[in-house]
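I opened the model to look up how its strands pair, what its side chains meet, and where a few residues sit. My entries follow in the order in which I looked things up.

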Amino acid sequence: MKDFFGQELAVGDAVVMNDKTYSELKLAKVVKFTPTMVRVATYDTHWGKGWTDSTVLCNSHQVVRAEQELVTAFLLRHAK
């Protein structure tokens, strides 16, 4: 399955997605694929919980795979 830019997605990939609840971008990781969609777990920056156990289903063209260096920098900035 491919992201918005046509990059191949794999389980464990970090992605950026639109969080419809807060209307902002969220860091997420791919946890599973369905035949037509991607299931991701989001990273909670609001309450400092880190990776959440709840997952969100979204279309693969609604996410963008993030580079590891950017993800590491983001996680270090938001570490509590």
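Entry 1, strand pairing. I began with S1 and S5 in this predicted model, and found that the two strands pair in the antiparallel sense over three bridges. As one point of reference I noted Val15, which stands opposite Arg65 in S5. S1 also pairs with S2, again in the antiparallel sense, and here I recorded six bridges. On that side I noted Val16, which stands opposite Leu27 in S2.

I then followed S2, residues 24-33, onward to S3, and found that five bridges join the two strands, which run antiparallel. The connection between S2 and S3 is a hairpin through four residues, and Phe33 has Val38 in S3 as its bridge partner. When I checked the cover of S3, residues 38-44, I wrote the strand down as mostly covered, since six of its seven residues are buried.

Entry 2, the overall plan. With those pairings noted, I read the secondary structure from end to end and listed one helix and five strands, in the order β-β-β-β-β-α along the sequence. Of the 80 residues in the protein, 30% are buried. The accessible surface comes to about 5,300 Å², and carbon and sulfur atoms account for 56% of that area. I also looked at contacts between residues at least 6 apart in sequence, and 41% of these join residues at least 24 apart.

Entry 3, Val11. I looked next at the segment before strand S1 (14-19), where Val11 is found. Is Val11 buried or exposed? Val11 counts as exposed because its relative accessibility is 55%, and the cut-off for that class is over 50%. Leaving aside neighbours within four places in sequence, I found Val11 in contact with Val30, Val31, Lys32 and Phe33. I also took the C-alpha to C-alpha distance from Val11 to Arg39, which is 9.4 Å for two residues that lie 28 apart in sequence.

Entry 4, Ser60. I then turned to the loop between strand S4 (50-58) and strand S5 (63-65), in which Ser60 lies. Ser60 has a relative accessible area of 12%, so I entered this residue as buried, the limit being under 20%. Which residues does Ser60 touch, not counting those up to four places away in sequence? My list for Ser60 reads Met1, Lys2, Asp3, Phe4, Leu9 and Val38.

Entry 5, the salt bridge. Two residues on that list led me to further searches, and I took Lys2 before Phe4. A search of the whole structure gave one salt bridge, in which the side chains of Lys2 and Glu8 meet at 3.9 Å, N to O. I checked the exposure of both partners: Lys2 is partly exposed at 46% relative accessible area, and Glu8 likewise counts as partly exposed, at 45%.

Entry 6, the aromatic pair. My last search was for paired rings, and the structure holds one aromatic pair. The rings belong to Phe4 and Phe5, with their centres 5.1 Å apart and their planes at 75°, so I recorded the pair as edge-to-face. Both Phe4 and Phe5 are exposed.

Notes:
Residues are numbered from 1 along each chain as its sequence is written. This is a predicted model: local features need pLDDT of at least 70, side-chain atom pairs count only at pLDDT 80 or more; totals for chains, interfaces and linings use all residues. Side-chain values use heavy atoms; hydrogens and water are left out. Buried means under 20% relative accessible area, exposed over 50%, partly exposed in between (1.4 Å probe, protein chains only). Contact means heavy atoms within 4.5 Å. Accessible areas come from the Shrake-Rupley method with a 1.4 Å probe; for residues, only the protein chains shown count as cover. Rings of Phe, Tyr and Trp (its six-membered ring) pair if their centres lie within 6.5 Å; planes under 30 degrees apart count as stacked, over 60 as edge-to-face and the rest as tilted. Two strands pair if DSSP finds at least two bridges between them. A salt bridge is a side-chain nitrogen of Lys or Arg within 4 Å of a carboxyl oxygen of Asp or Glu.
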